[in-house]
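Thanks for sharing this one with me. Here are my notes, set out as numbered points so that you can follow them beside the model.

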Amino acid sequence: MKLTWEQRKLSKVAKYRNGKAHENSIAENGKYIVVNSKFVSTDGRVRKFSNEQIEPLYKGEIAFVLSDVPNGRAIARTFLVDKDGKYTLNQRIAGITPYENTDSYFLHILMNRNRYFLKFDDGNKQTNLSVNDVTNFEEKYPSYEEQYKIGGSIPKFV
């Protein structure tokens, strides 16, 4: 049986939203982890906390870094949310919510540091990906079942 992969824009496979400013709600031992570029780029090792969940993230959503210094290592990095009630989405980070026909782990791997996004970094000035830059990201997707099989052999939450 031949598998069919269809070309789709991100806007057809997931919902996009922007994070919110948390600078005034940072707390040393807050209840929620603030998902910012440092958190994403260090695989969660560097953390800030807040007692307010200003922009909640839910299990299966993807946090996506929109802004970085020239030639930075954080731009277009992804973080796959592993638990409800634990994270809050900071500004300059997008929340990507996969639709029913899209496997969140597959999309997380597909978007992470993808060449499409890296081409926006000119090496001279701050890179700021716009909502259109992100939602116009176009890639080929197999069926949901195939996406799940592709990602299923890799542990989802390490």
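1. Let me start with the term that comes up most: a residue is called buried when its relative accessible area is under 20%, exposed when the value is over 50%, and partly exposed in between. Please also keep in mind that this is a predicted model. With that cut-off, A76 counts as buried because its relative accessibility is 0%. A76 belongs to the loop between strand 6 (67-68) and strand 7, and its phi is positive, near 65°, although the residue is not glycine. That deserves a look, since most residues other than glycine have a negative phi.

2. R92 makes a good companion to that point. Its phi is likewise a positive value near 65° in a residue other than glycine, and R92 sits in the loop between strand 8 (87-89) and strand 9. What is the relative accessible area of R92? The value is 49%, so R92 is partly exposed. R92 also appears in the lining of the second largest pocket.

3. On to that pocket. The second largest pocket holds about 160 Å³ of space. Its lining consists of E23, N36, S37, S67, D68, V69, A74, N90, Q91, R92, I93 and Q126. Sorted by class, this lining has six polar, three charged and three nonpolar residues.

4. Now for a pair of charged residues that I would inspect together. R17 lies in strand 2 (residues 14-18), while E61 is placed in the loop between strand 4 (48-50) and strand 5. Are these two buried or exposed? E61 has a relative accessible area of 5%, so it is buried; R17, at 15%, is buried as well, because the limit is 20%. Their side chains meet in a polar contact of 2.8 Å. The side chain of R17 has a further polar partner, with one of its polar atoms 2.5 Å from the backbone oxygen of P56.

5. The surroundings of that pair are worth displaying too. Leaving out residues up to four places away in sequence, E61 touches R17, P56, F79, L80, V81, I96, T97 and P98. On the same basis, R17 is in contact with E55, P56, L57, E61, L89, I93, A94, G95 and T97.

6. One of the residues touched by E61 is L80, which is found in strand 7. L80 has a relative accessible area of 7% and is therefore buried. From L80 to Y32 there are 48 residues in sequence, and the C-alpha to C-alpha separation is 16 Å.

7. Next, strand 5 (residues 62-65). In a regular strand, the side chains alternate between the two faces of the sheet. Which residues of strand 5 lie on each side? I62 and F64 are on one side and A63 and V65 on the other, and all four are buried, leaving both faces covered. Strand 5 pairs with strand 7 (residues 78-80) in the antiparallel sense through three bridges, where F64 has T78 as its bridge partner. With strand 9 (residues 93-98), strand 5 also runs antiparallel, joined by four bridges; here A63 is partnered by G95.

8. Strand 3 (residues 32-35) can be read in a similar way. Y32 and V34 point to one side, I33 and V35 to the other, and all of them are buried. How does strand 3 run against its partners, parallel or antiparallel? Against strand 4 the sense is antiparallel, with three bridges, and I33 stands opposite F49 there. Against strand 8 the sense is parallel, also over three bridges, with V34 opposite T88.

9. Finally, helix 3 (residues 104-111). Seven of its eight residues are buried, namely S104, Y105, F106, L107, H108, L110 and M111. At the start of helix 3, a side-chain oxygen of D103 comes to within 3.3 Å of the backbone nitrogen of Y105. After helix 3 comes R113, with a positive phi near 55°.

Technical notes: Residues are numbered from 1 along each chain as its sequence is written. This is a predicted model: local features need pLDDT of at least 70, side-chain atom pairs count only at pLDDT 80 or more; totals for chains, interfaces and linings use all residues. Side-chain values use heavy atoms; hydrogens and water are left out. Buried means under 20% relative accessible area, exposed over 50%, partly exposed in between (1.4 Å probe, protein chains only). Helices (H or I, at least four residues) and strands (E, at least two) are DSSP runs, numbered from the N terminus. A polar contact is a pair of N or O atoms within 3.5 Å; within protein, one must be able to donate a hydrogen and the other to accept it, and residues adjacent in sequence count only if both atoms are side-chain atoms. Two strands pair if DSSP finds at least two bridges between them. Contact means heavy atoms within 4.5 Å. On a 1 Å grid over the protein atoms alone, a cavity is a set of points where a 1.4 Å probe fits but cannot get out, and a pocket is an open set with protein on both sides within 12 Å along at least five of seven lines; lining residues have an atom within 4 Å of a point. Grid points are joined across faces, edges and corners, and a volume is the space filled by probe spheres set on the points. Ala, Val, Leu, Ile, Met, Phe, Trp, Tyr, Cys and Pro count as nonpolar, Asp, Glu, Lys and Arg as charged, and the others, Gly among them, as polar.
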